[in-house]
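Subject: The structure to look through

Hello! Here is the structure I promised to pass on to you. Please open it next to this email, and then read on for what turned up in it.

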Amino acid sequence: MNYWLVKSEPFKYSWDDFVKEGKSVWDGVRNYQARNNMMAMKKGDWVFFYHSNEGMEVVGLAEVQKEHFPDPTTEDPRWVVVELIPIKKFAKTVTLKTMKADDRLSGLALIKQSRLSVTPVAKAEFDIILSLAE
DNA sequence: GCCAACGTTGGC
DNA sequence: GCCAACGTTGGC
């Protein structure tokens, strides 16, 4: 069981859009590191859903429904997608500010590699963020 | 809106 | 294969 974090700009695709559709094919990733992370995702892994640019906070929890398959939005075979389903919206969102201020989260890939759209989250980090969200 | 970080491209 | 130029992302 692994843990991840995906980013989306809420004015393009928000948590509410995600819930409305009931699932999401995470397409459009054109970065090798992010792609590699998606390829490592297993069905049942948990995924934080983060709003970048506006909000800058973790808003909810999702789960990997389908492991990687070719990105239907491109002919290029290098790119893959995963399918995610929403699990729950957090009672309290966890802002980037909060995470940056927490020493226990100083190693978070989200903070260290702010431009990467799909990042791994360690079990310990996952538990801390989850506890901050409840 | 600015700019730092960083990935990608292309000339050599 | 190096590196400068350029484009994109995302925090502030």
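Let me begin with the protein surface close to one of the DNA strands. The residues near DNA strand C divide into three nonpolar, three polar and three charged. Here Ala, Val, Leu, Ile, Met, Phe, Trp, Tyr, Cys and Pro count as nonpolar, Asp, Glu, Lys and Arg as charged, and the others, Gly among them, as polar. "Near" means that a heavy atom of the residue lies within 4 Å of the strand.

Before going further, a word on how to read this. This is a predicted model, in which local features need pLDDT of at least 70 and side-chain atom pairs count only at pLDDT 80 or more, while totals for chains, interfaces and linings use all residues. Residues are numbered from 1 along each chain as its sequence is written, chains are lettered from A and ligands numbered from 1 in the order in which they are written, and side-chain values use heavy atoms, with hydrogens and water left out.

**The two DNA strands**

Which residues are around DNA strand C? They are Lys-7, Tyr-50, Ser-52, Asn-53, Met-56, Leu-96, Lys-100, Ser-114 and Arg-115. Of the strand C atoms within 4 Å of the protein, 75% belong to sugar or phosphate, and the rest belong to bases. The side chain of Tyr-50 has an N or O atom 3.0 Å from a phosphate oxygen of strand C, and for the side chain of Lys-100 that distance to a phosphate oxygen is 2.7 Å. Arg-115 reaches a base: an N or O atom of its side chain is 2.8 Å from a base oxygen of strand C.

Around DNA strand B you will find Asn-31, Tyr-32, Gln-33 and Arg-115. Sugar and phosphate make up 58% of the strand B atoms that come within 4 Å of the protein. By class, this surface has one nonpolar, two polar and one charged residues. Arg-115 also has a polar side-chain atom 2.7 Å from a base oxygen of strand B.

**Two residues with a positive phi**

Now look again at two residues from the strand C list. Most residues other than glycine have a negative phi. Asn-53, although not a glycine, has a positive phi of about 65°, and Met-56 has a positive value near 50°. Asn-53 is found in the loop between β3 and β4, and Met-56 has its place in the loop between β3 and β4 as well. (Strands are DSSP runs of E with at least two residues, helices are runs of H or I with at least four, and both are numbered from the N terminus.)

Are these residues buried or exposed? Asn-53 counts as exposed, at 54% relative accessibility, whereas Met-56 is partly exposed at 39%. Buried means under 20% relative accessible area, exposed over 50%, and partly exposed in between, using a 1.4 Å probe and protein chains only.

**Aromatic rings**

The whole structure holds eleven aromatic pairs. Rings of Phe, Tyr and Trp (its six-membered ring) pair if their centres lie within 6.5 Å; planes under 30 degrees apart are stacked, over 60 edge-to-face, and the rest tilted. Tyr-13 and Trp-26 make an edge-to-face pair, 6.2 Å centre to centre with 85° between the planes. Trp-26 also pairs edge-to-face with Phe-49, at 5.7 Å and 85°. Trp-26 lies in the loop between β2 and α2 and Phe-49 in strand β3 (residues 46–51), so this pair ties together parts that are 23 residues apart in sequence. Trp-26 is buried at 8% relative accessibility, and Phe-49 is buried at 0%.

Elsewhere, ring pairs link Tyr-3, Trp-46, Phe-48, Phe-90 and Phe-126 into a cluster. Phe-126 is also one of the buried residues of helix α5 (residues 123–133).

**Arg-30**

Last, find Arg-30 in the loop between β2 and α2. What does Arg-30 touch, leaving out residues up to four places away in sequence? Its contacts (heavy atoms within 4.5 Å) are Asp-71, Thr-73, Thr-74 and Trp-79. Its side chain makes a polar contact of 2.9 Å with that of Asp-71 and one of 3.3 Å with that of Thr-73. A polar contact is a pair of N or O atoms within 3.5 Å; within protein, one must be able to donate a hydrogen and the other to accept it, and residues adjacent in sequence count only if both atoms are side-chain atoms. Arg-30 is partly exposed, with a relative accessible area of 40%.

Happy exploring!
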